[in-house]
Amino acid sequence: MRLLRVATCNLNQWAMDFDTNLRNVKESIARAKAAGAAVRVGPELELTGYGCEDHFLEQDTAAHAWECLKDILSSGDTDGILCSIGMPVIFKSVRYNCQVFCLNSKIVMIRPKISLANDGNYREFRWFSAWTFKDELVDFQLPGDISEVTSQDTVPFGYGYIQFLDVSLAAETCEELFTANAPRINLALNGVEVFVNASGSHHQLRKLSLRIDSMRNATLSCGGVYMYANHQGCDGGRLYYDGCCCIAVNGDVVAQGSQFSLKDVEVLDALVDLDAVSSYRASVSSFREQASHRTNVPFVKVPYKLCKTFQSGMVPTGPVEVMYHCPEEEIAFGPSCWLWDYLRRSRASGFLLPLSGGADSSSVAAIVGCMCQLVIKDIANGDEQVKADAIRIGQYKDGEFPKDSRELSKRLFYTVYMGTENSSEDTRSRAKRLAEEVGSFHLDVPIDSIVSALLSLFERLTGKRPRYKVDGGSDTENLGLQNIQARIRMVLAFMMASLMPWVHNKSGFYLVLGSSNVDEGLRGYLTKYDCSSADINPIGSVSKQDLRAFLRWAAIHLQYSSLAEVEAAPPTAELEPIRANYNQLDEVDMGMTYEELSIYGRLRKIFRCGPVSMFQNLCHSWCGKLSPSEVADKVKHFFKYYAINRHKMTVLTPSYHAESYSPEDNRFDLRQFLYNSRWPYQFRKIDELAQEMDKDGKWEKCTEGELRKRKGIRSAQGGGMGVVAAGSADPSAGL
């Protein structure tokens with residue numbers, strides 16, 4: 001019985017902060033050794049941080065990574081343990097994303113990444129090249145100072161595996177887990193038993209199951225031990241890396257780390273039975289047959305044993321039930337951890353939120369409250385790093401530290417209700433009650449006098465005073481009056497964020513939090529440079545539908561009961577006067593529902609639909625509900641306002657990335673911001689198709705059976721909405 005103790009980890013790295021990164025790597029190795037592990041794998045590019053982006057183009061970045069590796073090798077950290085350490089390596093003037101395998105203060109092998117991530121938020125081809133030579137290992141000339149430490153001139157570099165006396169081991173790196181022709185397939189056929197995956201995978205709502213299923217399937221089809229390591233935290237950008245390091249054996253997950261945590265270092269270990277891997281593979285005849293005529297993979301021989309033989313009390317780690325968070329929990333915990341990292345690393349003293357009493361800003365307030373609850377929980381559990389950060393940020397003195405989430409919130413969270421004559425007493429009271437529940441320092445600031453002063457100035461300059469539409473004004477006047485209120489709130493928010501700490505004799509500054517959601521950004525239903533323009537926005541990539549579900553969850557699980565009333569209220573900007581026969585509503589203003597917006601967003605981004613193909617898909621999805629002409633009107637209305645407002649994405653507040661149809665144009669949704677909003681060719685094509693279908697008449701008479709049949713056919717052909725959302729074949733389900 002060959003027993004091998006292995007360790008993987010979640011590390012909270014920070015791009016370009018080599019001191020922090022090196023400290024975390026060394027700590028994780030020390031914990032793995034203390035657990036008795038013989039193998040340790042860390043996240044992708046762990047020495048530099050994954051999110052360095054164009055800093056990878058600087059020679060300094062690679063040089064500093066080697067300096068950190070020298071520290072690890074010279075300090076004896078790798079004595080008695082095989083460590084996979086992620087870092088960039090330049091070989092023959094080409095930069096590669098590599099795992100460096102170290103053992104007993106020597107480098108065993110350098111494995112460059114074969115399949116690079118280059119879609120969505122990832123741009124690896126901008127900085128790295130893929131290793132394409134799969135038939136040989138080549139010699140890599142080590143830097144001089146590394147050679148002095150290791151007494152090695154060259155080491156093997158390339159695609160291959162490491163053959164120890166008692167086990168064979170190989171690497172995959174992040175994206176390679178998800179590729180069709182994954183490296184592990186041929187490696188497994190060559191007898192490799194243990195796979196280490198250094199990953200940099202970010203959080204996205206409902207995404208974890210894909211990652212877990214991929215690991216399970218990887219070891220279910222080929223057998224073996226799969227060790228997965230990941231980053232966890234905000235490393236300096238919009239992404240939150242959600243950890244969840246795992247160890248899987250023969251299709252079973254035997255160890256799972258946390259998905260959302262404030263810890264800087266988390267190490268996960270398991271004792272695995274390699275003979276069980278051999279037995280599993282030998283029992284599958286097709287595997288045996290394919291392995292008998294495999295393509296040989298180069299390898300490195302290491303005369304060293306990693307395994308232990310069976311002894312009394314040594315029991316292999318058994319399967320565990322995988323923990324999945326519901327989407328509401330993901331919205332609570334992911335942005336909360338991201339905010340905490342941003343707060344402590346920016347050296348800010350807290351947050352300021354314009355709290356309107358509506359669903360979006362209330363969601364942000366609840367997330368900050370959740371952050372404070374997580375901090376208190378970790379302090380109670382003995383996390384000294386979290387405690388030290390909380391003491392510094394909260395500016396505690398004389399040995400004091402936070403013990404209550406509401407008391408901590410009072411020190412680092414300001415909420416401001418900036419009302420006008422158009423604001424209702426309902427939103428004012430909801431904002432106040434929520435602030436009391438969260439514990440923020442709350443201010444009620446009327447801004448009518450500022451609005452009036454600006455209007456008086458405008459009247460003196462032009463001789464005209466604009467009126468609201470309900471009072472007889474034009475659309476232009478109405479919009480201008482709304483924008484004045486919104487932009488005043490932005491200016492006031494930033495002024496208070498700068499000066500309120502000074503008022504309370506605190507040092508530092510506060511970060512302004514934005515609260516526009518992904519659907520409003522997609523439609524452009526926000527004022528440029530209003531309260532959506534902040535320092536950071538934790539919900540900017542979360543849909544309105546998901547936020548409402550989160551509010552219902554948070555009212556119970558975070559114990560902010562006022563959120564139930566917030567969720568039940570119809571969304572309104574409260575920028576126009578309230579009259580007996582008129583009350584401004586968001587969905588009326590937009591000319592579409594938030595549910596429809598979510599559908600448009602998924603079709604546009606996830607399914608890559610232009611106006612015509614969106615129309616065709618929605619004719620199927622909404623068959624029996626709307627005529628083709630009605631569908632055409634809705635699609636054209638959406639694309640008109642999407643085009644008109646796309647420029648707003650260029651100044652959108654940096655947002656936590658949570659949704660795959662985010663319209664954020666800085667890194668994720670790369671489309672132009674100047675459109676012909678008439679879409680003359682596309683809209684003409686839609687009108688032609690709609691007229692033809694209306695004449696046919698069959699679409700209006702579509703029965704439920706025909707509807708299911710059509711959707712089934714389209715889904716099977718890959719042209720329908722069969723994967724719009726987990727558990728739904730219909731994009732109109734609003735999931």
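The following chat goes through several strands, loops, single residues and a cavity of a predicted model.

Q: Let's start with strand E11, is that one buried or exposed?
A: Strand E11 is largely enclosed by the rest of the structure, because nine of its nine residues are buried.

Q: Ok, and which strands does E11 pair with in the parallel sense?
A: Strand E1, residues 2-11, pairs with E11 in the parallel sense over two bridges, and E10 also pairs with E11 in the parallel sense, over five bridges.

Q: Which residues stand opposite each other there?
A: Between E1 and E11, Asn-10 stands opposite Asn-230, while on the E10 side Ala-198 stands opposite Ala-229 of E11.

Q: And what about E13, how does that one run against E11?
A: Strand E11, which covers residues 225-233, is joined to E13 by four bridges, and the two run antiparallel. One place to look is Tyr-226, which stands opposite Ala-248 in E13.

Q: What does E13 have on its two faces?
A: In a regular strand the side chains alternate between the two faces of the sheet. In E13, residues 246-249, Cys-246 and Ala-248 are on one side and Ile-247 and Val-249 on the other, and all of them are buried, so both faces are covered.

Q: Which strand comes with E13 in a hairpin?
A: That is E14, and the hairpin of E13 and E14 has two residues between the strands, with Asn-250 taking a positive phi near 50 degrees. E14 spans residues 252-256 and is joined to E13 by four bridges, running antiparallel. Here Ala-248 appears again, with Val-253 as its bridge partner in E14.

Q: Where else is there a positive phi in a residue other than glycine?
A: Asp-398 has one, with phi near 55 degrees, and Gln-559, which is not a glycine either, has a positive phi of about 65 degrees.

Q: Where do Asp-398 and Gln-559 sit?
A: Asp-398 lies in the loop between helix H11 (384-394) and helix H12 (405-412), and Gln-559 is in the loop between helix H17 (544-557) and helix H18 (562-568).

Q: Are those two buried or exposed?
A: Asp-398 counts as exposed because its relative accessibility is 80%, and Gln-559 is exposed too, with a relative accessible area of 66%.

Q: New topic, where is Arg-184 and is it buried or exposed?
A: Arg-184 belongs to helix H5, residues 183-189, and it counts as buried because its relative accessible area is 11%.

Q: What does Arg-184 touch?
A: Not counting residues up to four places away in sequence, Arg-184 touches Glu-172, Glu-176, Leu-177, Phe-195, Ala-218 and Tyr-226. With Leu-177 there is also a polar contact, in which the backbone oxygen of Leu-177 lies 3.4 Å from a polar atom of the Arg-184 side chain.

Q: And what about Asn-190, where does that lie?
A: Asn-190 lies in the loop between H5 and strand E10 (194-198), and it counts as buried because its relative accessibility is 12%.

Q: What does its side chain reach?
A: The side chain of Asn-190 reaches the backbone nitrogen of Val-297 at 3.3 Å. Leaving out residues up to four places away in sequence, the residues that Asn-190 touches include Tyr-161, Arg-294 and Thr-295.

Q: Let's jump to Glu-587, how accessible is that one?
A: Glu-587, which is in helix H19, residues 586-590, counts as partly exposed because its relative accessibility is 33%.

Q: Which residues is Glu-587 in contact with?
A: Leaving aside neighbours within four places in sequence, Glu-587 is in contact with Met-592, Thr-593 and Tyr-594, and its side chain reaches the backbone nitrogen of Tyr-594 at 3.0 Å.

Q: Last thing, how many cavities of 30 Å³ or more are there?
A: The structure holds three cavities of 30 Å³ or more, and the second largest has a volume of about 60 Å³.

Q: What lines the second largest cavity?
A: Among the residues lining the second largest cavity are Asn-121, Arg-238, Leu-652, His-657 and Glu-664, and the whole lining divides into one nonpolar, six polar and two charged residues.

Definitions and conventions. Residues are numbered from 1 along each chain as its sequence is written. This is a predicted model: local features need pLDDT of at least 70, side-chain atom pairs count only at pLDDT 80 or more; totals for chains, interfaces and linings use all residues. Side-chain values use heavy atoms; hydrogens and water are left out. On a 1 Å grid over the protein atoms alone, a cavity is a set of points where a 1.4 Å probe fits but cannot get out, and a pocket is an open set with protein on both sides within 12 Å along at least five of seven lines; lining residues have an atom within 4 Å of a point. Grid points are joined across faces, edges and corners, and a volume is the space filled by probe spheres set on the points. Ala, Val, Leu, Ile, Met, Phe, Trp, Tyr, Cys and Pro count as nonpolar, Asp, Glu, Lys and Arg as charged, and the others, Gly among them, as polar. Buried means under 20% relative accessible area, exposed over 50%, partly exposed in between (1.4 Å probe, protein chains only). Contact means heavy atoms within 4.5 Å. A polar contact is a pair of N or O atoms within 3.5 Å; within protein, one must be able to donate a hydrogen and the other to accept it, and residues adjacent in sequence count only if both atoms are side-chain atoms. Two strands pair if DSSP finds at least two bridges between them.
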